[in-house]
Amino acid sequence: MKHINVEMGDTKLTCIIGSPVAHSKSPALHNTGYEKLGLDYNYQIFDVKLDELNSAYEDLKNINAAGFNVTMPLKTAICDLVDEKTSAVELIGAANTIVNENGKFVAYNTDGIGFVKALEEAGVNIADKKITVLGSGGAASAIIAQSAIDGAKAIDVLARTHSNGRNSIPFKDDIVDLVDKVKAKTGCDIRLIELNDENISKSLSDSDIVANATPVGMKPNEDQCLIDEKDLRDDLTVFESIYNPEETILIKRAKDKGCTVVDGLRMLYYQGVVAFKLFTGCDYPE
């Protein structure tokens with residue numbers, strides 16, 4: 001059973017939990033911010049597996065941690081433990097940031113907020129825009145929910161169909177449930193569409209923003225791309241969630257066509273910056 005035992009004194013503890021987490025860039029981001037602002041906080045890493053979550057959560061409460069980030073495989077399970085959840089977490093069913101608010105542990109999902117802020121930095125506002133989202137995993141779910149909450153006019157969700165070995169099933173239950181909940185909550189016009197070349201082309205024909213939230217184009221498959229060059233226009237904003245390699249084929253094609261391009265590192269940065277402010281109440285230093 002995992003126990004988190006640290007002596008912090010007056011220093012406020014923040015951390016990331018999940019497994020594996022040794023590769024996380026979060027400590028560098030947060031601790032740099034604390035140092036630059038002179039804040040008495042410290043950000044640490046704790047490798048916590050799913051069957052160790054309950055114990056680790058209780059330890060973080062007992063330590064009175066200021067907050068913590070959550071990564072795989074804990075993002076869904078943590079929602080059953082917290083005291084309160086934001087509307088985005090209720091919709092997505094997953095959280096990546098837990099904040100100690102006067103003794104209550106409140107769950108946030110800053111992934112979608114990071115997406116919106118990354119677009120805003122590029123001068124793109126999602127309000128009243130049509131968005132095409134490729135994919136149906138955790139990143140896609142956060143993008144869909146936050147975009148609808150922030151006023152997107154319409155969202156096309158292009159997802160793979162699958163089979164359970166006995167029957168052909170159009171879409172996984174979790175993405176169907178998410179789309180139904182987000183539509184009911186926000187009134188956004190959301191369509192769930194099979195992911196194929198023809199449907200991508202049709203959806204992009206009148207989209208303002210396209211977000212690739214699939215692993216297609218990620219190493220070691222960096223020679224792949226879901227979007228054909230002919231479907232890219234110079235008035236289209238292209239978001240690429242992948243940041244390894246730094247420049248995917250999609251980003252190269254989008255730049256060649258004069259699209260506004262936003263890469264996954266910006267989303268990663270901004271979701272961390274949002275968490276930093278939730279933990280400390282301070283804006284992240286320039």
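Here are some questions and answers about this predicted model.

Me: Let's start with the open sheet of six strands: what's the strand order?
Reply: The pairing in this sheet is mixed. β2 (41–47) and β4 (84–85) stand at the edges with a single partner strand each, so one side of each has no neighbour in the sheet. Reading across, the order is β2-β1-β3-β5-β6-β4.

Me: Which residue in β5 stands opposite F68?
Reply: F68 belongs to the β3 side of the pairing, and strand β3 (residues 67–70) runs antiparallel to β5. Three bridges join these two strands. The residue in β5 that F68 faces is I98.

Me: And how many bridges join β5 to strand β6?
Reply: β5 and β6 make a hairpin with two residues between them, and N102 in the turn has a positive phi of about 55°. Along the antiparallel pairing, N100 stands opposite F105 in β6. The number of bridges joining β5 to β6 (residues 104–108) is five.

Me: Is strand β5 mostly covered or mostly open, and how many of its residues are buried?
Reply: α9 lies across β5, as well as β1, β2, β3 and β6. Strand β5 (residues 97–101) is mostly covered, and of its five residues the buried ones number four.

Me: What angle does helix α1 make with β2?
Reply: Helix α1 (residues 26–37) lies across β1 (12–18), β2 and β3. For α9 the angle quoted is to β5, at about 15°. For α1 running against β2, it's about 170°.

Me: Which element gives the most residues to the largest nonpolar core?
Reply: That core has 36 residues, and F115, I143, I144, I155 and I190 touch the most other members. Elements giving two or more residues include α4 (110–121), β8 (154–159), α6 (173–186) and α9 (264–280). The top contributor, with six residues, is α5.

Me: How many residues are in the other core, the one lying apart?
Reply: In soluble globular proteins, nonpolar side chains tend to be buried together. Here a second core lies apart from the largest one, with I4, L13, V48 and V89 among its members. Its residue count is 23.

Me: Why does the pair of F115 and F239 count as edge-to-face?
Reply: F115 touches F239, along with I143, S147, A211 and M267. Both F115 and F239 are buried. Their ring centres are 5.0 Å apart, and planes over 60 degrees apart count as edge-to-face. The pair gets that label because the angle between its planes is 85°.

Me: How far apart in the chain are those two, F115 and F239?
Reply: F115 sits in helix α4, while F239 is in strand β13 (residues 237–240). The pair links distant parts of the chain, with a separation of 124 residues.

Me: Which of these counts as buried, Y269 or Y270?
Reply: Y269 and Y270 form an edge-to-face pair, 5.0 Å centre to centre with 75° between the planes. Buried means under 20% relative accessible area, and Y269 is partly exposed because its value is 28%. At 15%, the one that counts as buried is Y270.

Me: What other residues do ring pairs link into a cluster with Y269 and Y270?
Reply: The structure holds eight aromatic pairs. Ring pairs tie Y269 and Y270 into a cluster whose other members are Y34, Y41, F276 and Y284.

Me: Last one: which residue lies over the face of F105?
Reply: F105 is the β6 residue opposite N100. At 5.3 Å from the ring centre of F105, the residue over its face is K61.

How values were computed
Residues are numbered from 1 along each chain as its sequence is written. This is a predicted model: local features need pLDDT of at least 70, side-chain atom pairs count only at pLDDT 80 or more; totals for chains, interfaces and linings use all residues. Side-chain values use heavy atoms; hydrogens and water are left out. Buried means under 20% relative accessible area, exposed over 50%, partly exposed in between (1.4 Å probe, protein chains only). Two strands pair if DSSP finds at least two bridges between them. A nonpolar core is a set of buried Ala, Val, Leu, Ile, Met, Phe, Trp, Tyr and Cys residues joined through side-chain atoms within 4.5 Å. Contact means heavy atoms within 4.5 Å. Rings of Phe, Tyr and Trp (its six-membered ring) pair if their centres lie within 6.5 Å; planes under 30 degrees apart count as stacked, over 60 as edge-to-face and the rest as tilted. A charge sits over a ring if NZ of Lys or CZ of Arg is within 6 Å of the ring centre and within 35 degrees of the ring normal. Axes are lines fitted to C-alpha atoms, for helices over the stretch in contact, and angles run from 0 to 180 degrees between N-to-C directions. Lists of a residue's contacts leave out its neighbours within four places in sequence.
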